Amino acid sequence: MALFFNHVHEEEEDVMQKQYNNPMITKAYDILKTLSTDEEIRHRAKVREESMINEAIFMAGERKKGKEEGIKVGIKVGRKEGKTEGRKEQAENTALKMLAKNMNIEDIAEFTGLDVKDIQKLNQDIEGKA
């Protein structure tokens with residue numbers, strides 16, 4: 001059956017009738033012949049095919065826009081996270097220096113913006129290394 005549909009446009013009618021004696025293929029060929037002679041049906045098929053092509057082109061464009069938007073958002077989020085991580089790392093370094101000078105943990109939290117628990121953990125890490 002697949003062979004018929006793949007090569008129907010290449011073969012002459014008499015060759016088709018001799019080569020394909022399967023009743024299903026004969027019926028398909030008759031329907032195909034009827035459809036191809038009807039001008040309105042051919043016009044509808046052409047319009048439908050053009051519509052499908054236009055839709056595929058439109059969808060490809062929309063996918064491209066979506067990817068571009070996703071990349072922009074990803075870059076923006078990455079930069080924001082990078083800045084946040086950089087600030088936190090800087091605050092932790094400052095807190096470590098303040099702990100080394102035996103400053104009060106609550107004061108360090110106030111000056112650095114870090115949570116008291118985070119500073120206590122940093123302090124434990126220092127004491128564990130000493």
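Among contacts in the chain with a separation of 6 or more, 22% join residues that lie 24 or more positions apart. The model is a predicted one. It has six helices and zero strands, so that reading along the sequence gives the pattern α-α-α-α-α-α. Of the 130 residues in the chain, 14% count as buried. The exposed surface of the chain comes to about 11,000 Å², and carbon and sulfur atoms supply 54% of that area.

Helix α3 offers a convenient place to look at how burial is arranged. This helix covers residues 23-37, and its 15 residues should span 21 Å at 1.5 Å a residue; the end C-alpha atoms are indeed 21 Å apart, so the expected and computed spans agree. Within α3, the buried residues include Ile25, Ala28 and Tyr29. These three cover an arc of only 100° around the axis, and they therefore sit on the same side of α3. The other side of α3 carries the exposed residues Pro23, Lys27, Thr34 and Thr37.

Towards the end of the numbering, Ile126 is part of helix α6, which comprises residues 116-129. With a relative accessible area of 32%, Ile126 is partly exposed, because this value falls between the 20% limit for buried and the 50% limit for exposed residues. Once neighbours within four places in sequence are set aside, the contacts of Ile126 are with Leu96 and Leu99. One of these partners, Leu96, is 30 residues from Ile126 along the chain, and the C-alpha atoms of the two are separated by 8.3 Å.

Definitions and conventions. Residues numbered from 1 in each chain as written. Predicted model: local features only at pLDDT ≥ 70, side-chain atom pairs only at ≥ 80, totals over all residues. Heavy atoms only, no water. Helix = DSSP H or I, 4+ residues; strand = E, 2+ residues; numbered from the N terminus. Buried < 20%, exposed > 50% of the residue type's maximum accessible area, 1.4 Å probe, protein only. Contact = heavy atoms within 4.5 Å. Areas by Shrake-Rupley, 256 points an atom, 1.4 Å probe, with all protein chains shown as cover. Expected span 1.5 Å × (residues − 1). Arc of directions from axis to C-beta.
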